[in-house]
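The following exchange examines how certain structural terms are justified. Each reply sets a computed value against the criterion behind the term.

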Amino acid sequence: MKPAPFAYAKAKSLDHAIALLAHPDGEARLLAGGQSLMATLNMRLSAPKLLIDLNGIAGLAGIAVKNGAVEIGAMTRHAEAERSPDIARHAPLIALAMPHIGHSAIRNRGTLGGSIAFADPAAELPACLLALGGEVDIAGPNGTRTVKADDFFKGLFETALGAADVLTTIRLPAATNDTRVGFAEYARRHGDYAMVGLAASARAAGQRLAGVRLAYFGVGNVPVRAKAAEAALADGSIDDAVMALATDLAPSGDVQATGATKVHLAGVLLRRAAKQLTETRP
Amino acid sequence: MSGHDCDITLTVNGERVTERVDARQTLVDFLRDDLILTGSHVGCEHGVCGACTVRVDGVLVRGCLMLAAQCDGAHVETIEGVSDLGEIADLQAAFEKRNALQCGFCTPGMLLTAQELLARGGVPSRETIREQISGNYCRCTGYQAIVDAIESVAQTRAGAKR
Ligand SMILES: Cc1cc2nc3c(=O)[nH]c(=O)nc-3n(C[C@H](O)[C@H](O)[C@H](O)COP(=O)(O)OP(=O)(O)OC[C@H]3O[C@@H](n4cnc5c(N)ncnc54)[C@H](O)[C@@H]3O)c2cc1C
Ligand code: FES
Ligand code: FES
């Protein structure tokens, strides 16, 4: 199908984009990589009156490591993060997740900011942001603010972003020698959204793990922390952690799997990710 | 630039083109309907099948997920241009030799996607080749012959370099 008619505006700056979002006669939408938005427009699942293209704005893309954090500009393409030595070294969880996102041509256009703003419950990056305890910077008509990952995802495709807000930066704690990460997902075909996936991070504390954060995706309306399993894993028992998933997760079934199958898969993925968490960093 | 009509000037296969397009027109529809470059195909129109794959500023993209209006100032390359330059003549010959196409609907996108991987050099594993073409659906061949063709070209190109 073809999209319903809309007007197109290329934003010249962040302020210009925010001003355009206040479009008076109907809904305006930001266009980042277009890899989710264009598909929904083509299928007429959404019909905004104005598309505001972020692609021409200087300074919204790029990766920087500063003050113990990795800062990723919203318009950074998946492909750039996939190839970035800074991401590989300082945000290894993102590096593990990247190849699972769609296909090469999708990653060439899709952006990290778009993925987190879109907040598909089966997407990898929102769960990574949550597992790492990261945060995002948001610019809006009343200035800028920072929102923690734990407070960002509100509901199905619903986030802390308001109608006139632009997500500008993703900030993740930079990995240290003690940082351990794990990533595992189950999808029917390469590049599909996951049936169930898990992004995990922890700190090595002697022989044990501390600060375990397990963020599941594909099991609810938002990425879900498995807090009982986190505690069990910090106590050193993977079996208890897998058992705890039955209380942590309550996925409803979808076209791909029943809720019970998803909980089972979540346990399989936890064993894989736990193995990665306990391996020493190369 | 803001509105339903957008004036764009871009380079398509080395030629400068100036057109007025509807804001909602996708790049692949612009190429096919306005420029009559019908080598890029339209399948699913939501990014899944890969039939519409073209290059914009040297980068492989989905023609159905980009607007023509976004291509003002861009360099667009389609299967027609890449074929004419002879860049993938060996790959095309290998596809023909190994029956890596039947109806040919997926072929233009498949060739450009394969070339993105081959251009990085070396001989990728069959696993890597499969991963690279995982976003390009072929309903005819069963993929085996396509992987064979891509692998053989990688080997020949690597051999030719030594
Ligand atoms: C075939 C296919 C397979 C895919 N597979 C996967 C997959 O396995 N995993 C996965 O995670 N994703 C997958 N994707 C989606 C892809 O990762 C998208 O690129 C991503 O979800 C959205 O990013 P985008 O830059 O393309 O955003 P767009 O599509 O441009 O925008 C998405 C939404 O976010 C809003 N938005 C974008 N940027 C901002 C911003 N800076 N501030 C505020 N709002 C913003 C837009 O207004 C829009 O509502 C797939 C896509 C396709 C077509
Ligand atoms: S038509 Fe563009 S990916 Fe199918
Ligand atoms: S040859 Fe027919 S779809 Fe691939």
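The questions below concern a predicted model and take up chain B before chain A.

Q: What makes chain B as compact as a globular protein of its length?
A: Chain B has six helices and six strands. Its radius of gyration is 16 Å, close to the 15 Å that the globule rule gives for 162 residues, so chain B is as compact as a globular protein of that length. Along the principal axes, its C-alpha atoms fill a box of roughly 50 × 35 × 25 Å.

Q: How do you know in which order the elements of chain B run from the N terminus?
A: Helices and strands are DSSP runs numbered from the N terminus. Read in that direction, the elements of chain B are β-β-β-α-β-β-β-α-α-α-α-α.

Q: What makes β2(B) and β3(B) paired strands, and in which sense do they pair?
A: Pairing requires at least two bridges found by DSSP. Strand β2 (residues 5–12) and strand β3 (residues 15–22) of chain B have eight bridges in the antiparallel sense, so the criterion of at least two is satisfied. Within this pair, B:I8 has B:E19 as its bridge partner. The two strands form a hairpin with two residues between them, and B:N13 in the turn has a positive phi of about 50°.

Q: Why do β2(B) and strand β6 of chain B count as paired, and how do they run?
A: Two bridges join β2(B) to β6(B), residues 75–77, and the strands run parallel. Because the definition asks for at least two bridges, this pair qualifies. Here B:T11 stands opposite B:H75.

Q: Why is strand β10 of chain A called mostly covered?
A: A residue is buried when its relative accessible area is under 20%. In β10(A), residues 166–173, seven of the eight residues are buried, and the strand is therefore described as mostly covered.

Q: How do you know which strands of chain A pair with β10(A)?
A: The bridges settle this. Five bridges join β10(A) to strand β5 (residues 69–73) of chain A, in an antiparallel run. Five bridges also join β10(A) to strand β6 (residues 135–140) of chain A, again antiparallel. Both pairs therefore satisfy the requirement of at least two bridges. On the β5(A) side, A:G73 stands opposite A:T169; on the β6(A) side, A:E135 has A:R171 as its bridge partner.

Definitions and conventions. Residues are numbered from 1 along each chain as its sequence is written. Chains are lettered from A and ligands numbered from 1 in the order in which they are written. This is a predicted model: local features need pLDDT of at least 70, side-chain atom pairs count only at pLDDT 80 or more; totals for chains, interfaces and linings use all residues. Side-chain values use heavy atoms; hydrogens and water are left out. Helices (H or I, at least four residues) and strands (E, at least two) are DSSP runs, numbered from the N terminus. The radius of gyration is taken over C-alpha atoms; the globule rule is 2.2 Å times the number of residues to the power 0.38. Buried means under 20% relative accessible area, exposed over 50%, partly exposed in between (1.4 Å probe, protein chains only).
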